[in-house]
Amino acid sequence: MNFTIKNTLINFTDSYITTDVQVVNGQITAIAPNLEIIGTEINGENKLLLPGFFNAHTHSSEMWQRGAIPPLPLELWLSHLYDLTPLDTEQVYLSALGTAVETLLSGGTSVVDHLVLIPGQELETIATAVRAYQEIGIRAFIAPLIQDESLSAGIPNGKIDLNHEPYFRSTSETLAIIETAIKQFHHPEAGINILVAPTGIQLCSDDLFTGCIALSNKYNLCRHSHLLETKAQEKLAEEKYGCSAVQHLQEIGFLNNYTTLAHCVWLKETDINILAQTQSTVVHNPLSNLRLGSGIAPIIKYLQAGVNVTFGCDGASSNDSQDLLEAIKIGSILHNVTEPDYQNWITPRQAIEMASLGGAKGLNLENELGSLTVGKKADLVLYDLNNLSLLPRTDPIGLLVLGRPVNVVNSAWVNGKKIINNGQITTINIDELKQELFNRSHWETQQESVNVANLAPHYRQVMGLN
Ligand SMILES: [Zn+2]
């Protein structure tokens with residue numbers, strides 16, 4: 001667990017310096033040139049050391065459907081996804097590993113898994129994800145995805161009075177499951193954290209939100225939710241509350257400095273001010289927002305208002321990968337077309353900080369993670385600057401963010417434990433994982449979805465598409 005990285009390049013006040021970094025018992029203990037070697041010596045020459053990034057919003061089990069769902073907006077895409085689930089716990093295990101591997105190989109050392117639960121096997125699902133993340137060694141924030149309304153309730157009624165089927169599990173049963181999960185699995189010191197995570201206002205009652213707030217207060221847990229991902233959700237919030245979803249969430253007390261909110265595409269100025277006031281964090285999922293046609297989140301406005309922003313890949317069937325560097329790239333340059341003043345555009349260095357310190361802040365861990373600082377935990381990634389995709393030598397961070405980096409992670413550590421060595425994951429057998437993913441799937445063409453066919457006419461009408 002003790003090591004000293006010699007002569008590595010690090011980011012220092014808009015420039016670079018070559019230095020040594022010492023790690024003892026999982027903590028960064030010194031950053032300076034010519035340090036004595038403690039533990040293993042790591043050759044950092046021609047390599048760039050950065051703090052690990054956060055994949056701050058994903059749904060690991062969606063890996064089983066990646067590439068399979070046709071181009072559809074969120075509400076119909078979700079109906080199609082429902083056709084293809086539920087999965088079994090063995091699949092949950094394999095897709096959690098797969099999600100962790102792709103996150104690690106693209107610079108992430110932490111993952112927030114808004115974990116889809118198998119009905120009737122909710123605790124087994126969470127236990128399985130815990131096992132997978134502990135085996136591979138990524139820092140995991142498991143946010144069991146809960147709701148208490150049926151899928152059709154997520155689409156605005158419009159002028160019609162619609163009755164939705166009741167959800168199969170009661171609100172109190174759902175909250176009881178989450179409390180048990182917290183007691184069993186929330187072990188931050190072991191790298192496993194449980195979050196309270198109602199899926200969003202579109203499918204959750206106020207009782208579910210307030211129940212989650214109570215659990216968050218009782219056990220000191222972070223909060224996570226989707227927020228205003230689509231235009232339809234904006235309309236739905238007006239129907240449900242007579243105000244914006246953000247105003248409502250503030251009123252019921254869900255927003256605070258350890259709440260992370262995925263997407264945040266359809267917010268007004270007043271909503272943005274509420275996020276700033278409450279110190280909530282926006283998780284930007286640009287690829288998913290493009291894939292589902294959800295819109296472009298006003299990230300530059302958030303940054304200007306002082307709102308903390310970080311990046312996520314979102315589930316692998318709305319992306320359809322878990323390449324964090326790709327999400328960081330698109331999530332940065334996308335806004336150059338919406339913001340006329342180039343002085344406000346996101347720079348590569350800013351993007352790196354959003355992906356690392358921004359993620360740590362959102363999870364209330366900015367004093368422990370997110371930067372190369374003496375005293376912080378050693379969640380570190382060493383990039384190979386001799387890699388073809390990072391040559392010729394120009395600005396390493398510019399290349400990493402704006403380029404198309406391929407297999408650039410040389411080494412990665414979580415809490416000082418080495419998980420990637422020479423570009424290879426060391427903690428699990430990747431060939432076995434590949435074989436299992438292969439064996440448990442088959443080539444197929446896209447199927448027609450009964451759920452989508454049923455919901456599409458109402459969706460088209462309410463969204464003015466007829
Ligand atoms: Zn999501």
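Helix axes are lines fitted to C-alpha atoms over the stretch in contact, and the angle between two of them runs from 0 to 180 degrees between N-to-C directions. With that in hand, the packing of two helices in this predicted model is easy to follow. Helix α2, residues 89-104, packs against helix α3, residues 122-136, at an angle of about 35°, and the two axes lie 8 Å apart. The crossing of α2 and α3 is right-handed. On the α2 side, the residues that meet α3 are Thr-89, Val-92, Tyr-93, Ala-96, Leu-97 and Ala-100. Their counterparts in α3 include Glu-124, Thr-128, Ala-132 and Ile-136. Sorted by class, this contact of α2 with α3 comprises nine nonpolar, three polar and two charged residues.

Stepping back to the whole chain, the protein has 15 helices and 17 strands. Its C-alpha atoms fill a box of roughly 70 × 50 × 45 Å along the principal axes. A compact globule of 466 residues would have a radius of gyration near 23 Å, and the protein, with 22 Å, agrees with this. Of the 466 residues, 52% count as buried. Among contacts with a separation of 6 or more, 75% are made by residues 24 or more positions apart.

The strands offer two arrangements to explore, and the parallel one comes in an open sheet. Four strands make up this sheet in the order β6-β7-β8-β9, with parallel pairing. Its edges are β6 (53-58) and β9 (192-194), each of which pairs on one side only. Neighbouring strands of the sheet are turned by 15° against each other on average, direction ignored. Inside the sheet, strand β7 (residues 108-113) runs parallel to strand β8 (residues 139-142), and four bridges join them. Here Val-112 stands opposite Phe-141 of β8.

The antiparallel arrangement can be followed through strand β15, residues 409-414. Strand β14 (residues 380-384) pairs with β15 in the antiparallel sense over four bridges, and Tyr-383 has Val-409 of β15 as its bridge partner. Strand β16 (residues 417-421) also runs antiparallel to β15, joined by three bridges; in this pair, Ala-412 is matched with Ile-420 of β16. β15 and β16 form a hairpin with two residues between them, and in the turn Asn-415 has a positive phi of about 55°. How many of the six residues of β15 are buried? Six of the six are, so the strand is largely enclosed by the rest of the structure.

Notes. Residues are numbered from 1 along each chain as its sequence is written. This is a predicted model: local features need pLDDT of at least 70, side-chain atom pairs count only at pLDDT 80 or more; totals for chains, interfaces and linings use all residues. A crossing is left-handed if the near helix is turned anticlockwise from the far one by less than a right angle, and right-handed if clockwise. Two residues are in contact if their C-beta atoms, placed from the backbone, lie within 7 Å. Ala, Val, Leu, Ile, Met, Phe, Trp, Tyr, Cys and Pro count as nonpolar, Asp, Glu, Lys and Arg as charged, and the others, Gly among them, as polar. The radius of gyration is taken over C-alpha atoms; the globule rule is 2.2 Å times the number of residues to the power 0.38. A residue is buried if 20 or more other C-beta atoms lie within 10 Å of its own, exposed if 12 or fewer, and partly exposed in between; C-beta atoms are placed from the backbone. Two strands pair if DSSP finds at least two bridges between them.
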